[in-house]
Amino acid sequence: MAAHLRRHPGAGVSYVARVTAADSPVPAAAPTGRIVLLTTTHRVAPGLLSWPAWQALHGADRVLSGDPGHPQLPYLREAGVEVEPGSPAARELVDYCVAQGGRTAVVLTSAEGESELTDGLARLAGSGREAMPDLELLPGSYDLPGARLLDLVQVMDRIRAECPWSGTRTNEELVKYGIEEAYELVEAIEEGDREALLEELGDVLLQVVFHARIAQDDPEDPFSIDDVAGGIVDKLIHRHPHVFGDETAETAEDVQRHWLRTKAAEKQRDSVTEGVPLGQPALALTAKLASRARTAALDVALPDGAGVGYELLALAARAEADGVDPEAALRAAARAYRDAIRAAESSAGR
């Protein structure tokens with residue numbers, strides 16, 4: 001007997017065993033039927049099933065579901081598919097399909113899968129003593145890229161409604177966490193720690209979803225995560241006419257110049273310095289201002305002045321002109337200094 005194992009996105013079960021009656025070690029004098037495990041994903045609107053899934057459902061002698069709250073049930077009823085409640089054991093299902101020249105049974109799997117049924121079918125198929133029906137897993141719908149973001153939105157909704165702490169937070173109260181998470185993301189990137197990068201990206205994403213969920217509750221000017229996503233999608237398309245339109249951009253500098261022109265027109269700004277947050281770290285602020293001036297082809301001399309501040313200003317501007325992020329460069333030097341301190345402590349026996 002041959003068993004072909006494969007995975008399907010969003011299948012909802014741990015494995016797929018596709019075993020045909022021709023593979024069975026027990027000769028079959030007549031057709032032995034077919035058992036179809038039909039999987040769907042809750043991240044796609046119920047009722048949106050593949051054509052092979054609808055064919056299997058309409059052609060089945062018996063359709064079963066052990067989940068009375070399965071989201072597909074109302075739509076199957078509308079389509080004239082009668083679904084029998086219950087979770088038959090593997091033995092019962094095999095006997096039903098093999099009997100009377102072979103029948104087809106479709107099992108609509110739950111979100112958790114049907115591990116007891118699939119394990120039972122695998123044991124029967126592997127015994128070498130059974131005339132088995134064809135066993136097939138049929139994905140009726142798949143997760144699309146980004147589908148887990150829907151899970152995040154649903155989880156955040158529930159936390160906002162049921163958690164005493166999260167349910168009372170304001171956007172203002174979360175500001176410090178957003179800053180902390182952004183810095184932790186930067187650290188993960190600069191350390192080259194892929195595991196930390198994965199985690200910190202999630203933490204930053206949580207801040208976005210959390211802030212949007214709080215904004216949804218605003219009594220005067222509410223907006224949702226869909227508004228946030230829709231806004232950034234529109235912005236990206238508008239500011240990338242070389243991707244979504246007829247314009248061309250040969251270099252990254254061309255892209256940046258167009259981005260700034262479009263941004264200035266959108267926001268009706270009179271200066272390239274508008275929109276540069278003055279509260280960011282000083283080296284990053286200086287580099288951003290220098291970048292804006294250079295991109296706009298403005299020849300601006302650095303202000304004269306004495307003291308460390310003006311010296312750092314000149315260094316930061318020079319670094320930006322050389323393509324170096326002064327903030328990242330200083331952090332790298334600071335990490336080297338930290339390591340030197342630790343080495344000195346170790347040598348001193350601390």
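**Charged pairs and nonpolar cores**

Glu-190, Glu-191, Glu-327, Arg-331 and Arg-335 are joined in a network of salt bridges. This network belongs to a predicted model, and it makes a welcome starting point for a look at charge. The general idea is a simple one: side chains of opposite charge can pair when their charged atoms come close. Across the structure, the count comes to 20 salt bridges.

Three individual pairs can be followed in detail. Glu-84 forms a salt bridge with Arg-62, and their closest N and O atoms are 2.9 Å apart. Glu-84 sits in strand β5 (residues 84–85) and Arg-62 in strand β4 (residues 62–65), so this pair ties together parts that are 22 residues apart in sequence. How buried or exposed is each partner? Glu-84 is partly exposed, with a relative accessible area of 30%. Arg-62 has 14% relative accessibility and therefore counts as buried, the limit being under 20%.

Helices are joined in this way too. Asp-157 and Arg-213 meet through their side chains in a salt bridge, with 2.7 Å from N to O. Asp-157 lies in helix α5 (residues 148–162), while Arg-213 belongs to helix α7 (residues 194–216), so the pair connects parts that are 56 residues apart in sequence. Asp-157 counts as partly exposed at 29% relative accessibility, whereas Arg-213 is buried, with a relative accessible area of 14%.

In a further pair, the side chains of Glu-173 and Arg-169 form a salt bridge at 3.6 Å, N to O. Glu-173 is partly exposed at 37% relative accessibility. Arg-169, at 19%, counts as buried because the cut-off is under 20%.

Which charged residue is buried yet has no salt bridge? Arg-292 fits that description, and this residue is found in helix α11 (residues 282–295). The nearest side chain of opposite charge is that of Glu-274, at 8.5 Å, which is not within the 4 Å that a salt bridge requires. The backbone of Glu-274 offers another partner: the side chain of Arg-292 reaches the backbone oxygen of Glu-274 at 3.3 Å. With residues up to four places away in sequence set aside, Arg-292 touches Leu-260, Lys-263, Val-272, Thr-273, Glu-274 and Val-276.

Attention now turns from charge to the nonpolar side chains. The largest nonpolar core contains 17 residues, and those with the most contacts inside it are Ile-35, Leu-93, Leu-117 and Leu-121. Two or more residues of this core come from each of β3 (34–39), α3 (90–98), β6 (104–108), α4 (115–126) and β7 (134–139). Helix α3 supplies the largest share, five residues. What does Leu-121 contact beyond its neighbours within four places in sequence? Its partners are Ile-35, Ala-90, Val-94, Met-132 and Leu-135. A second core, separate from this one, has 15 residues, and among them are Leu-49, Trp-54, Leu-108 and Leu-138.

Finally, the cysteines deserve a brief look. A disulfide is a covalent bond between the sulfur atoms of two cysteines. How many disulfides does a search of the whole structure find? The search finds zero. Two cysteines can be described by their surroundings: Cys-97 counts as buried, at 0% relative accessibility, while Cys-163 is partly exposed, with a relative accessible area of 28%.

Terms used
Residues are numbered from 1 along each chain as its sequence is written. This is a predicted model: local features need pLDDT of at least 70, side-chain atom pairs count only at pLDDT 80 or more; totals for chains, interfaces and linings use all residues. Side-chain values use heavy atoms; hydrogens and water are left out. A nonpolar core is a set of buried Ala, Val, Leu, Ile, Met, Phe, Trp, Tyr and Cys residues joined through side-chain atoms within 4.5 Å. Buried means under 20% relative accessible area, exposed over 50%, partly exposed in between (1.4 Å probe, protein chains only). Helices (H or I, at least four residues) and strands (E, at least two) are DSSP runs, numbered from the N terminus. Contact means heavy atoms within 4.5 Å. Lys and Arg count as positive and Asp and Glu as negative; His and the chain ends are not counted. A polar contact is a pair of N or O atoms within 3.5 Å; within protein, one must be able to donate a hydrogen and the other to accept it, and residues adjacent in sequence count only if both atoms are side-chain atoms. A disulfide is a pair of cysteine sulfur atoms within 2.5 Å.
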